[in-house]
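Please open the model in your viewer and keep the sequence panel beside it, since the tour moves from the whole chain to single strands, a helix and one side chain.

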Amino acid sequence: METMLAARYMGPDHIEARQVSLPKIAPGEALIQVEACGFCGSDINIVAGTHPRAQSPLTIGHELSGRIVEIADVTTALAVGDHVTSYPLISCGVCHACTHGNPHVCRQLRLFGFDVDGGMAEFVKLPVASLMKLPDDMPASIGALIEPLAVAVHGVHRARLEGVSVAAVLGAGPIGILTALVAKHMGIRDVLISDVQPARLKLATGLGLEAFAAGASLRAQIMELSNQNGADVIYECAGHPSSAKEMTALVRSRGTIVNLGVFKRPVEVDLQAINFKEVEIIGSRVYERKDFRAAIDMAMSLPLAPIISREFSLDHISEAFRLFRDGEVCKVMILPLARPQ
Ligand SMILES: [Zn+2]
Ligand SMILES: [Zn+2]
C-alpha cells in the first residue's frame, strides 16, 4: 500500500508525523500535493483535546496551498498542475442558514482538518468544489495564508465602512494583524491595533500598522483621533474577557463592534454601554466564498511575508507545534516538500 507522511493528532497533547495510507480519490474529488500548511489557533484546541468535535486520530490542517496531482471531475476548469488552496467548510445544505444563502454559519458546520482529515500532510484529498485556484506565481506559504486572510476580509466587511475613519483592532495575533491590514487596505484612515504582548506589537509596527499596548495607551490614542468620541468600529480579535470589556468602552455612540475572536466560554459584556450608546455588535464567523476570492486578489498587495515566523518540514511537527503554542510567534508553516532538517 502506498503511504505518505501526515501530521496526526493522536489524542490529548499528542501530535506527531506518521505514515498513513495515501488517500484514494472518488469522482468529484482531487488529490493535492501540499506545499504549505499553517497552524491555526484552533489547532491548539484540537491538540489540547478541548475541541468539541475533533476526534483522534486526525490529520489536522485547514490553511494550505498545493498543486493538483490527480483529478476526477470532467466538468471542472481546474486541471492537474494547478496551484490551489482549499475552502475547508462542509455545510449540511438543508438547515435555515444553508437554505438562505449562509452555508458558512450552517447549524452543523464541519471543516476539513477538524471533522475530516485535513491538509497538514504530503497529500490531501478534497472535493473539487472546495478548491480555489491561486495565481501560479503566489509563493506556497502566502497561498496558505489565504484562509486566515479570508477570515479578516469577512470580518472587516461585516461592518458598514461608509463614514468610518477610526477603527481599532483588539488583539494582534494572526487574525488581528490580518484584519488591521485588510481594514487599512479598504481605505480606513486610522487603523489602530493593540495587544498585551510586546513582540506582537513589534511585528505589527514592522508591517506599518499603528500598534499600542492594550489599555490606557490604546484608549488615549483612540480618543485623541476621534475628538474624544471613540472608535467608529472595533474589531474584537482577541477572544479574551479583557477585550470584551474594552470593546464597549472604546466604541463611539452608534458605532459598531465586530467580534471575530473565538471566546472559549461566555464572558461579561457591558450591555448598559451597548444600550446607552446604541452600539451594534456583529458576529463574524469564518468566511464566504466571495471573501476567499477577495483574499486571493488582495494577498499580493499586502505585506504578508513577515507574518510567517518560521517554516518547518513535516518530520519536525512536534517542535513546530510547540513553538506555535508556547512561543511569541505569529504564523508557523509546515512545508511538506521540504527535506528533513
Ligand atoms: Zn483557522
Ligand atoms: Zn446547514
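For the charge count used below, Lys and Arg are taken as positive and Asp and Glu as negative, while His and the chain ends are left out. Bear in mind throughout that this is a predicted model.

Begin with the whole protein chain selected and coloured by charge: there are 31 positive and 36 negative side chains, and the centres of these two sets lie 4 Å apart. Switching to a cartoon, you should find eleven helices and 18 strands. Along the principal axes, the C-alpha atoms fill a box of roughly 65 × 45 × 35 Å. The radius of gyration is 20 Å, which agrees with the value near 20 Å that a compact globule of 341 residues would have. With a surface displayed, the accessible area comes to about 15200 Å², and 51% of that area belongs to carbon and sulfur atoms. Buried residues account for 53% of the 341 in the chain, and among contacts between residues at least 6 apart in sequence, 68% join residues at least 24 apart.

Next, select residues 29–38, which form strand β3, together with residues 64–71, which form strand β5; the two run antiparallel and are joined by seven bridges. To find one of these pairings, pick Leu31, whose bridge partner in β5 is Glu70. Keep β5 in view and add β6, residues 83–86, which runs antiparallel to β5 and is joined to β5 by three bridges. Here Arg67 can be highlighted along with His83, its bridge partner in β6.

Now move to helix α8, residues 241–250, where Ser243, Ala244, Glu246, Met247, Thr248 and Leu250 are buried. Which elements do the buried residues of α8 pack against? Showing the surroundings of the helix brings up the strands β11 (166–170), β14 (231–236), β15 (251–259) and β16 (280–283), as well as the helices α7 (216–225) and α9 (271–277).

From Ser243, step across to Asp195, which is 48 residues away along the chain, with 9.5 Å between the two C-alpha atoms. Asp195 belongs to strand β12, residues 190–195. Is Asp195 buried or exposed? Its relative accessibility is 7%, so Asp195 counts as buried, the cut-off for that class being under 20%. As a last selection, show the residues in contact with Asp195 beyond its neighbours within four places in sequence: Gly171, Ala172, Gly173, Arg200, Leu201, Phe212, Ala213 and Ala214.

Notes: Residues are numbered from 1 along each chain as its sequence is written. Chains are lettered from A and ligands numbered from 1 in the order in which they are written. This is a predicted model: local features need pLDDT of at least 70, side-chain atom pairs count only at pLDDT 80 or more; totals for chains, interfaces and linings use all residues. Side-chain values use heavy atoms; hydrogens and water are left out. Helices (H or I, at least four residues) and strands (E, at least two) are DSSP runs, numbered from the N terminus. The radius of gyration is taken over C-alpha atoms; the globule rule is 2.2 Å times the number of residues to the power 0.38. Buried means under 20% relative accessible area, exposed over 50%, partly exposed in between (1.4 Å probe, protein chains only). Contact means heavy atoms within 4.5 Å. Accessible areas come from the Shrake-Rupley method with a 1.4 Å probe; for residues, only the protein chains shown count as cover. The place of a charge is taken as NZ of Lys, CZ of Arg, CG of Asp or CD of Glu. Two strands pair if DSSP finds at least two bridges between them.
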